Protein chains: 2
Amino acid sequence: MDDYLRKREELMLKDRALRYDHATDREPSADEVVADKVLRNIRTAEAESVWDPNRKTEQPHGSQQMFPGMEFLTARATIMSTQLFAILSKVRSLRDHFFELELDASQMPKGGLLHAHLDATVRADVLLELAMKQPAIHVRAPGKLSAGNFKTVLPEFRALPQAQWTQIPSITDPSYEPNTWVPIKNARGNFSDALGGPAGFDRWVVGALMIEPAEAYGTHNSTAKIWKKFQSTFGVSDGLIRFVPVWTEYVREFLLSSIEDGISYVEPRILFWFKHMIGADGKENVPHRVWLQMYERVLNEVKASLDVRGRADEFVGSKIIYSTLRIGTPEELEWYTEDCLALKVEFPHLIAGFDIVGHEDSLEPLIKYADVFLRFKERQKELGVDIPFVFHAGETLGDGTAADVNLYDAILLGTKRIGHGLSIYKHPHLMEICREKGICIEMCPISNEILRLTGSMPMHPLPAIMNHGVHVALCSDDPAVFGNMGLTFDFFQVFVASEVNGLITLRELVWDSIRFSNLDEEEKGRALSLLEKRWAQFVRHVLEEYGGSDAGGRLET
Amino acid sequence: MDDYLRKREELMLKDRALRYDHATDREPSADEVVADKVLRNIRTAEAESVWDPNRKTEQPHGSQQMFPGMEFLTARATIMSTQLFAILSKVRSLRDHFFELELDASQMPKGGLLHAHLDATVRADVLLELAMKQPAIHVRAPGKLSAGNFKTVLPEFRALPQAQWTQIPSITDPSYEPNTWVPIKNARGNFSDALGGPAGFDRWVVGALMIEPAEAYGTHNSTAKIWKKFQSTFGVSDGLIRFVPVWTEYVREFLLSSIEDGISYVEPRILFWFKHMIGADGKENVPHRVWLQMYERVLNEVKASLDVRGRADEFVGSKIIYSTLRIGTPEELEWYTEDCLALKVEFPHLIAGFDIVGHEDSLEPLIKYADVFLRFKERQKELGVDIPFVFHAGETLGDGTAADVNLYDAILLGTKRIGHGLSIYKHPHLMEICREKGICIEMCPISNEILRLTGSMPMHPLPAIMNHGVHVALCSDDPAVFGNMGLTFDFFQVFVASEVNGLITLRELVWDSIRFSNLDEEEKGRALSLLEKRWAQFVRHVLEEYGGSDAGGRLET
């Protein structure tokens, strides 16, 4: 038996050898070894005390059994009640008081956020609050609203030039003529009592901006169906966000709420599909370069505010991935690659990558645009700039479908990271290439689960990908739609769904989110050294707060 | 671009190079190339015409969206309506007329069935029919039956010695005293009208023997919960099956229905946990060696009947994997390994493997019994016999849990195949070992899906495993409980869920089910040459029947 046990140990080590949280070049510190046991003990205890499979949570679409890593939208409240979540989150402030607080050294630093679509990064209720301050914003509905069609008749928003502002008093009055614009204040203030009054208006709008459990797991329980609801949320939010006075505050909110969650760097994808934003005057004529000027201004304001309060170390900054949609002709795409080049020349420190986005299963594959991308690379050489591809690829359940095949093209075109890359676990050679070339996967586990690309965290291919030695950065994708604000929820779901994952897994995921960011080498060095300091503080905190006699007793066994 | 497309082609080939359906040592014939296109065209056409995601199927627990590879229990009727299923199945006879028919050369031969638990291989309604012929069989219920508790108050069956037979007239009469035995004929004949009369009795029993869609996808929608229902079916069926007069007919039915589906060899796991079967006299005293004598007798009768009708080539035979449960002490297990050795000495041609079975997530791991298994191997050497391990391992969503870790022990102990092995896609080194040592995975895709180890076929890790070059045999596991009788349903679900899979994939899966069987080399040679002949006939049939001008036209594009 001794011989058997020795061979067994060797076999397990060899099987895990590709995992970078098992790599020996960053051996855990003595503190980390103990803190790891503390976290594992809490996970084990809560698997029984919180996630007992005999408990059920009642939902509109039926009941749901409990288990660690279960469906996020049903589990969210339970997750937030756990000790483990308290340790990982440490949300330190409400937005209003953000600048009054100091850095809480006990917070787990999350590193960088490398995959998030800017227009789905701010809480729906906060977005609505921002919009309510703008008299230019009007809302309309394509039909008469009733309790029966509340979830299918969607609001459409738009900021109008003052000359077109209306006085229409209500969107729910029997006299309301569908498709006519109502000032948002009137629409909300006079929302019919039968539909819940102003609170009913909020529910109507927020429901159109977010995915609810009954939709994800009940009525829309397949990838193809839930994507339709998902896409519809962008149609609703666009009219609120793509308006200069809202957009700047939206960006500020995105940056502050990220910092609150312990995120020290953000690299959002900004969609430049629409060629203009609507200006404060209600005219749709604000070009892309002004978007970037505004982004930069807000970014600098946030950094300055942190600086003044001695909190500069919390946040190293932001760059942007230029995105457009995966629709249209190659010629049409070329307009965007040229636009991106021009912006890169003017804002070299901001533009850090290029991507095309949208539903891979139903929209165009990368190969359709391959020659445009190849020319784009030539043009970069001509202009002496570097805009790495950061392509979405493999966000699909398809096997050998165009969306799955996008992985080959992304890699051949030299993508620096892969957005989602969910299906890469089926591709042994591609995983080998990612491992060897250091192509990092931007994994969005909660997004995948809500969009029904996986049934739950234990079914998610993340462990397979990590065990093959592929680097991963955890990302929130569209937290405003999914409700997974910040990165804490994604870290939580990944941590509880595997016995292999430990503190060092979390650490390496955090580190990779900086290592594989588009920060330049100097910025990266600073970001990593700040991370090192905060991580050590976090680990000490776990030991001091949770590693007491009780946990200690358990540790010795 | 030409250069790009060439590199792309190379990359895809390299990524698929480990797949054995892409291996060049068995290049497809000219007929196979065309038949492959025919099947792919039908799959593509039916993905729209049958599996339109906007169609819904209404179920007691809500509605289900349609897509290829969707939840089996909801999709079953639709599957059976497809042309693709007609091609793959070609069920040739009803049981009663089995021997009146000739081999239909157009049927797709399925090869061997390598993973099925004997006591869940015969249709529930057929089992009930067999039981109805036995006056010794009695039934009881632990409480008063009502429409409200119809699904939770389970029947218990038992064959009684004649002296204990009762005259109790009804199991639903208000005077029925719970837990008293009622002759099955009375129980069925006098089943209350309020509960549906005799047909209601059948529904009660069949419902207790099978998993219904509402249970798998609604009320029990998690692995832990659905396993409880799954396990309860065995408690119900045991009292019906483990009775000599039923058991022999059950075995006959299993063999005949397998042959009907195009299966030419079966290697069922027989559970020897109970040390005795109940004899025709109602006494529980029939030892394991008599089970094997009976099995062999029925097997020979079936073969002789085929032989007489010139159909001997349809079926090469059966061997048995000795199984017991993964519970109890190592000492208790040793009784079974010794029992298995004794049976192997007496029935060397029948006993072909050893396994321990039961819910891996909650019962004992292999490591607990490692020393017993090592001694078992020593004892085999002493006795000059060879009983390969064919261990269940990795039938779990756990990552790094005991059930997942069973994979290491199965492989270290020298398992010849792995039962389920679902979680092996997370283990790069173990997949490498399987590939190099020729350890085949007995994959049970429909079983996995119903037991909620995967959400649907497109989420199943089978493509990842095949792409890593691991050999796979498709298996039905417990078709009587799941309703996936034969192997056709599993082949269907796998075929429609991946664009990579084609006719050659089906062929290699079929071949592997013989290559990795426990037939000896000579038997294997015969089985493979028979397979070769039938496969060629099947391919010709696909061409002649479905490869006409219409398909031909499509083929040229």
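**Exercise 1. The sheet of chain B**

How many bridges join strand β16 of chain B to β17(B), and do the two run parallel or antiparallel? Place this pair within its sheet in the predicted model.

*Solution.*
Step 1. Between β16 (residues 440–443) of chain B and β17(B) there are 3 bridges, and the two strands run parallel.

Step 2. A single residue pair illustrates this register: B:Glu442 has B:Ala473 of β17(B) as its bridge partner.

Step 3. The wider arrangement is an open sheet of 4 strands in chain B, ordered β14-β15-β16-β17 and paired in parallel. Its edge strands are β14 (390–393) and β17 (472–474) of chain B, each of which pairs on one side only. On average, and with direction ignored, neighbouring strands of this sheet are turned by 25° against each other.

**Exercise 2. The three-stranded sheet of chain A**

Determine the strand order of the open sheet that contains β3, β7 and β11 of chain A, and explain why one side of each edge strand has no neighbour.

*Solution.*
Step 1. The 3 strands follow the order β3-β7-β11 in chain A, with parallel pairing.

Step 2. β3 (111–113) and β11 (317–318) of chain A occupy the edges; each has a single partner strand, so one side of each lacks a neighbour in the sheet.

Step 3. β7 (residues 263–266) of chain A pairs with β11(A) in the parallel sense through 2 bridges. Within this pairing, A:Val266 has A:Ser318 of β11(A) as its bridge partner.

Step 4. A helix completes the picture: α10 (residues 244–260) of chain A lies across β3, β7 and β11 of chain A, and runs at about 145° to β7(A).

**Exercise 3. The largest cavity**

Which residues are the closest to the centre of the largest cavity, and how does its lining divide into nonpolar, polar and charged residues?

*Solution.*
Step 1. With a cut-off of 30 Å³ or more, the count is 10 cavities. The largest cavity holds about 160 Å³ of space.

Step 2. It is lined by 17 residues, of which A:Tyr425, A:Met459, B:Tyr425, B:Met459 and B:Pro461 are the closest to its centre.

Step 3. The lining comprises 13 nonpolar, 3 polar and 1 charged residues.

**Exercise 4. Confidence in chain A**

Where in chain A does pLDDT stay under 50, and what is the mean pLDDT of the chain?

*Solution.*
Step 1. Chain A has a mean pLDDT of 93, and 94% of its residues reach 70 or more.

Step 2. Over residues 549–557 of chain A, pLDDT stays under 50; for this stretch the model has 10 contacts beyond four places in sequence.

Step 3. Predicted coordinates should not be read in detail where pLDDT is low.

Notes. Residues numbered from 1 in each chain as written. Chains lettered and ligands numbered in written order. Predicted model: local features only at pLDDT ≥ 70, side-chain atom pairs only at ≥ 80, totals over all residues. Heavy atoms only, no water. Pairing = 2+ DSSP bridges. Axes fitted to C-alpha atoms, helices over the stretch in contact; angles between N-to-C directions. 1 Å grid on protein atoms, 1.4 Å probe; cavity = no way out; pocket = protein on both sides within 12 Å on 5 of 7 lines; lining within 4 Å. Points joined across faces, edges and corners; volume = space filled by probe spheres on them. Nonpolar A, V, L, I, M, F, W, Y, C, P; charged D, E, K, R; others polar. pLDDT = per-residue confidence, 0-100. Contact = heavy atoms within 4.5 Å.
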